[in-house]
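Me: I'm new to reading protein models and I'd like a close look at one part: the charged side chains that pair up. Could you walk me through them slowly, and then show me a few other spots worth a look?

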Amino acid sequence: MLQYTNEALVNEAEDLFGFDLNGDGIQGRVIEPVLFENYELNSQEYTFEDSIYFELDPSSWEEAQYSAEMFGGNLVSINSQEEQQFIYENFIVNDSSEDDGKWIGFTDKDQEGNWIWTDGSSTTYTNWNIGEPSATNLGISEDYGIIYGDGDPNSAGFWNDTHSTGPLLYSGI
């Protein structure tokens, strides 16, 4: 009998060969969905075309994206003026949270200046505020997109690039 000591290799081999090699009664990895099936949202759900939208709790961008993935999706990708207006009307106008804005799934964290949507959709629409994206602020790289809240009527609904550190002033959509 062979002795397997590297669990990752055993799981990979079990997946590859299609049977239980280590006698644990499980073929391959044990992948238990961590989806938030019993999680109660603190916000209302909205529908636009074939997607469902809701607001996540305040967090870093990475935490918001992870939470969105656990719900089976991604942070919002905004692909048209109509979708932008939908987001603005449902999540920005009369927002009762204390957020300065909302995280969106737009990032250039992998390559500066190459903005991509986390869901892989093409960039067909942008709504950057004047002078944005700016890449850095006080030497801190700004790799994550937000949509400004209604605190300043001159920038409400426009996009900004920002960092994901410091006070948690944003919640994800």
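Reply: Let's start with the term we need: a salt bridge is a side-chain nitrogen of Lys or Arg within 4 Å of a carboxyl oxygen of Asp or Glu. Keep in mind that this is a predicted model. The general idea is simple: side chains of opposite charge can pair when their charged atoms come close.

With that in hand, look for the network of salt bridges that links E55, D95, D99 and K102. Click on K102 to begin. One partner of K102 is D95, and the closest N and O atoms of that salt bridge are 2.8 Å apart. K102 also forms a salt bridge with D99, where the closest N and O atoms are 2.9 Å apart. Are these residues buried or exposed? K102 and D95 are both buried, and D99 is buried as well.

The structure holds four salt bridges, so let's visit another, between D110 and K109. Here the side chains meet at 3.5 Å, N to O. D110 counts as exposed because its relative accessible area is 63%, and exposed means over 50%. K109, at 41% relative accessibility, counts as partly exposed.

Now for the other spots, beginning with Q84. You'll find Q84 in helix 3, which covers residues 81-92. Its relative accessible area is 4%, so Q84 is buried, the cut-off being under 20%. What does Q84 touch, once its neighbours within four places in sequence are left aside? Its contacts are I78, Y125, N127, I147, G157 and W159. Take Y125: Q84 and Y125 are 41 residues apart in sequence, yet 9.1 Å apart in space, C-alpha to C-alpha. G157 is another one to zoom in on, since the side chain of Q84 reaches the backbone oxygen of G157 at 2.6 Å.

Next, a couple of backbone details. E49 sits in the loop between strand 1 (46-48) and strand 2 (51-53). Phi of E49 is near 50 degrees, a positive value in a residue other than glycine. E49 is also exposed, with a relative accessible area of 68%.

Finally, scroll along to P133, in the loop between strand 4 (116-117) and strand 5 (136-137). Is the peptide bond from E132 to P133 cis or trans? That bond is cis, with omega near -5 degrees.

Methods: Residues are numbered from 1 along each chain as its sequence is written. This is a predicted model: local features need pLDDT of at least 70, side-chain atom pairs count only at pLDDT 80 or more; totals for chains, interfaces and linings use all residues. Side-chain values use heavy atoms; hydrogens and water are left out. Buried means under 20% relative accessible area, exposed over 50%, partly exposed in between (1.4 Å probe, protein chains only). Helices (H or I, at least four residues) and strands (E, at least two) are DSSP runs, numbered from the N terminus. Contact means heavy atoms within 4.5 Å. A polar contact is a pair of N or O atoms within 3.5 Å; within protein, one must be able to donate a hydrogen and the other to accept it, and residues adjacent in sequence count only if both atoms are side-chain atoms.
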